[in-house]
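Colleague: Please take a close look at one part of this model, the helix that sits in its core, and at how the bound ligand is held. A single connected account would suit me.

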Amino acid sequence: MSPVPRGALIVVEGLDRAGKSTQCEKLCRWLEQEGRRVKHMRFPNRSTPIGKSIDSYLRGETQQEDHVIHLLFSANRWEAAPQIIEHIRSGTTVVIDRYYYSGAVYSAAKKNPNLTLEWAIQPEIGLPKPDLCIFLDISSTDAAARSGFGGERYETSEMQKRVRNLFQELLQKPQNKEMVAVNAGDSMEEVHETMRRLGNKLFEGEGLSKPLKSFDYH
Ligand code: Z5A
Ligand code: MG
């Protein structure tokens, strides 16, 4: 009996209001229509005890030292890592709304001299590495014009500008070849079409015949 082909790990990243949740939904629906098993996840996962601490921090109800909240965001991914690996192994494609890329850039964007991008990425080393990371790129001005912006901590245009620059920095690193930028200023349907094209390329390519990798920054 031939083994079950593994699922793919697809991450959708970007600034606030870039359309990540909208596009993750559309991508999952399309993958299901294509006959694939799909698990939709998101980070932060606010439902776990660690996620609840993150939620109250983001809402401004509690304070946390910068490194502490950074490590809680990372721990929130580590607590889900066995589940991600098991889904992929059993042939389910996992689509994740934000992952360790957000983890690194939002913390580094705080400009704490002891919390650089290099420092921030370290606790993420070893997590399941995405086969494809779609970075929904939008200017902070266009993102701010979309409904609902401004409610939580980090939702200021200064912070969003720094976050965008740091995402660009990650895109250029040779370690992150799985990252692809997509213009998130296009219409929802155009963005979805581009993402379907990237999805088809992934499923038609050789990559998924190889084991899922672990993230390594060196
Ligand atoms: N954070 C962190 O610091 N460290 C970490 O490790 C992680 C996260 C994982 C909460 O994230 C915060 O946590 C976030 C980063 C930080 N901080 N900030 N700021 P979240 O994922 O829970 O929430 P969010 O990403 O800030 O926002 P969002 O509301 O989820 O945005 P979105 O998912 O990208 O957008 P959307 O909900 O799909 O769309 C927003 C609106 O735009 C909506 O009205 C849509 O109908 C509309 N839209 C979407 N696409 C389009 C197009 N193409 N055209 C026009 N209008 C559109
Ligand atoms: Mg969202």
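Modeller: A polar contact is a pair of N or O atoms within 3.5 Å. The model is predicted, and on that cut-off Arg 146 qualifies, because one of its polar side-chain atoms lies 3.3 Å from a nitrogen atom of ligand 1. The protein covers 85% of the 1,100 Å² of accessible area that ligand 1 has on its own. Around the ligand there are 29 residues, and those that come nearest are Asp 16, Arg 17, Lys 20, Thr 22 and Arg 98. In the side chain of Asp 16, an N or O atom is 2.3 Å from a nitrogen atom of ligand 1.

The helix you asked about also reaches the ligand: a polar backbone atom of Gly 103 is 3.4 Å from a ligand oxygen atom. Gly 103 is one of the buried residues of H5. Nine of the nine residues of this helix are buried, so H5 is largely enclosed by the rest of the structure. Its buried residues pack against strands E1, E4 and E5 and against helices H3, H6 and H8.

The largest nonpolar core has 65 residues, of which Ile 96, Tyr 99, Tyr 101 and Leu 136 touch the most other members. Helix H5, residues 100–108, gives the most to this core, with six residues. Within H5, Tyr 101 can be followed further: beyond its neighbours within four places in sequence, its contacts are Val 11, Glu 13, Pro 130, Cys 133, Phe 167, Leu 170, Glu 178 and Met 179. In soluble globular proteins, nonpolar side chains tend to be buried together.

Key:
Residues numbered from 1 in each chain as written. Chains lettered and ligands numbered in written order. Predicted model: local features only at pLDDT ≥ 70, side-chain atom pairs only at ≥ 80, totals over all residues. Heavy atoms only, no water. Core = buried A, V, L, I, M, F, W, Y, C linked by side-chain atoms within 4.5 Å. Buried < 20%, exposed > 50% of the residue type's maximum accessible area, 1.4 Å probe, protein only. Helix = DSSP H or I, 4+ residues; strand = E, 2+ residues; numbered from the N terminus. Contact = heavy atoms within 4.5 Å. Near = heavy atom within 4 Å. Polar contact = N/O pair within 3.5 Å; in protein donor to acceptor, adjacent residues only side chain to side chain. Areas by Shrake-Rupley, 256 points an atom, 1.4 Å probe, with all protein chains shown as cover.
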